[in-house]
Amino acid sequence: MFHSSLLQLPREELSDLARCLGLSQLFKAHLFRAFRVGRMSLRLPDGQRIVVDASQLPWILLNIAHIYCYDDYEFVEEVKPREGWMVVDVGAYVGVYTLKAARRVGSKGRVVALEPHPASFRLLKLNVELNHLENVKLLPYALASSKGMRKLYSPRYRANASLSREYAELWDEKLEDFEVECLSLANLLDLLSIDRVDLLKLDVEGAELEILEASGEALKRIERLVVETHLDICSFEELERLLVKYGFTVSMKFDELAPDQAFLAAFRHS
């Protein structure tokens, strides 16, 4: 369901957001959404700033909370970005995880962020520039099972944009669609001349199994993964079986606020 106001969010989520972002920022976001102001700037818990479209409120706030408050992409120590790491952020949206990872890996590390939605990519670029991040490379591509052009289907909340029309329609009856350029994981790593990725973060709105099944030998170049998993599209058992085959140990964290969503961490033992 797409909530149009912060006041429509469950009380527990509002309480978590207040703790994560502060009451003053929540009130500011409520006003921006109510008066349909185009863009607003928010201060992230680590002091960085992010610009968002008012049309993406209030859900963008929950995106921030998942990354900074709940640590859903860092629920095991092995997948917390560290200094000097190479991190690939697939499905970067407007850059919340990109900014956090870039701060963590430092000047000796690197973050490559992929975002195919044109409007989200523009804000991603703006937010990287706003925070003067020189260790981030941005690419306007979607990750898929193969290289080529495909349609990206976008509901009003653009973070749920997906290569799967069926998945996007779960969020909104009215969709925009865009022709976007897709790469497979092997294509991407070859394009970047990367032999080893310390951490691959995958948030691809229902395409996670398609991508990982098609990645094959390219998965041997990945040391760790953290995947937002949509259990109404694919099962944890399928993903676990696939990743174990390529030598990963797999952990899962279920999202208490979204029963059809979970976060998967996969890593190799040194």
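Before I begin, a residue is called buried when its relative accessible area is under 20%, exposed when that area is over 50%, and partly exposed in between. By that scale Arg221, with a relative accessible area of 21%, is partly exposed, and I should say at once that the model we are looking at is a predicted one.

Let me start with the sheet, which is open and has seven strands in the order β5-β4-β3-β9-β10-β12-β11, with mixed pairing. Strands β5, residues 136–139, and β11, residues 249–254, stand at the edges with a single partner strand each, so one side of each has no neighbour in the sheet. From one strand to the next, the twist averages 15 degrees. Strands β9 and β10 run parallel and are joined by three bridges, and Leu202 has Val227 as its bridge partner in β10. Across β4 and β5 lies helix α5, residues 118–130, which runs at about 165 degrees to β5.

Turning to the salt bridges, of which the structure holds 19, I would point first to Lys253 and Asp72, whose side chains meet at 2.5 Å, N to O. This pair links distant parts of the chain, 181 residues apart, with Lys253 in strand β11 and Asp72 in the loop between α3 and β3. Asp72 is buried, at 3%, whereas Lys253 is partly exposed, at 23%.

Coming back to Arg221, its salt bridge is with Asp190, and the closest N and O atoms are 3.3 Å apart. Because Arg221 lies in the loop between α8 and β10 and Asp190 in helix α7, the pair ties together parts 31 residues apart in sequence.

Definitions and conventions:
Residues numbered from 1 in each chain as written. Predicted model: local features only at pLDDT ≥ 70, side-chain atom pairs only at ≥ 80, totals over all residues. Heavy atoms only, no water. Pairing = 2+ DSSP bridges. Helix = DSSP H or I, 4+ residues; strand = E, 2+ residues; numbered from the N terminus. Axes fitted to C-alpha atoms, helices over the stretch in contact; angles between N-to-C directions. Contact = heavy atoms within 4.5 Å. Salt bridge = Lys/Arg side-chain N within 4 Å of Asp/Glu carboxyl O. Buried < 20%, exposed > 50% of the residue type's maximum accessible area, 1.4 Å probe, protein only.
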